[in-house]
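User: I would like to learn how to read the fold and the sheet of a model. Please take me through it step by step.

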Amino acid sequence: MSRPMTTNLRYYAALGVAHEAADLALGYFQNRDKLDVSMKGAQDWLTVADGAVEALIRERLAELFPQDSILGEEMGGAYSDCLWVIDPIDGTANFAHGDPNWCVSIAFLRRGEPEIGIILAPALDQTFTARSGEGAFLNGSNIRVSAQSDLSKAAIECGWSARVPAGRYLSLIESGISAGASIKRMGSGALGICRVATGTSDGFVELHINCWDVGAAILIAREAGAACSDYFSGDAINDGNPVLCCAPPLASALGEVAGIDI
């Protein structure tokens, strides 16, 4: 598939920026005892690393593509037809506790749909990449979702958000277990969806998630063959949405369990 030069330029530039940002984040991770850690809300962690990594990404992208807009978790931003969506550290609670399941996420959206997705998990030595229509890759090797068709044999990750009442989350867990699924939670929505892309998990569900958490991951999952809910419908850029990504044969059953159209 022929790809516009501007897309290739953005992709390779963003990949370099992501590696620089991941190196910075990993340095902070390896010296966590010196970090300034605070809370934005219940179980909503913030470290000095989040701000420093986002600032680096913003500075580099603004220098390279001054015509593009940037939206990030820590410093906000505004929508435009050419939009970078960044999460400097997805899985900050894991990061603060020394758990390696965290990542740097950079997505490029054109007119509200992801065109480039890059996720680096440096403490796991994992680099996930995708461009629309060109497949998904982990450390340069092509990845595909599982072929699991039986929910009672499936491993499903259910993300948690304080923005959703605890009762709804517990009901989701109960419904999944009642359907026979093995339920897990790893603490990073971006990596949770990437695990679907590799077949390590058979599905990922979260009842509300922000666009910077999933902008890159959804494209990676789609390009790996996953069935994904229409996350970017409505005002997802500003308000977030539910998300469901899974092996295609599970889409109907898991969508019914989660109450998410797919």
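Analyst: The turns below go from overall form to one sheet. This is a predicted model: local features need pLDDT of at least 70, side-chain atom pairs count only at pLDDT 80 or more, and totals for chains, interfaces and linings use all residues. Residues are numbered from 1 along each chain as its sequence is written, and side-chain values use heavy atoms, without hydrogens and water.

User: How many helices and strands are there in the chain?

Analyst: Helices (H or I, at least four residues) and strands (E, at least two) are DSSP runs, numbered from the N terminus. The chain has 8 helices and 14 strands.

User: What radius of gyration does the chain have?

Analyst: The value is taken over C-alpha atoms; the globule rule is 2.2 Å times the number of residues to the power 0.38. For 262 residues, a compact globule would be near 18 Å; the chain has 17 Å, which agrees.

User: What share of the residues is buried?

Analyst: Buried means under 20% relative accessible area (1.4 Å probe, protein chains only). Buried residues are 53% of the 262.

User: How are the 7 strands of the open sheet ordered?

Analyst: Strands of a sheet pair through backbone hydrogen bonds, either parallel or antiparallel. Two strands count as paired if DSSP finds at least two bridges between them. Here the order is 3-4-5-6-7-8-9, with mixed pairing. Strand 3 (69–72) and strand 9 (141–142) are at the edges, each with a single partner strand, so one side of each has no neighbour in the sheet.

User: In which sense do strand 8 and strand 9 pair?

Analyst: Strand 8 (residues 136–138) pairs with strand 9 in the antiparallel sense, over 2 bridges. Phe-137 has Asn-142 in strand 9 as its bridge partner.

Conventions
Buried means under 20% relative accessible area, exposed over 50%, partly exposed in between (1.4 Å probe, protein chains only).
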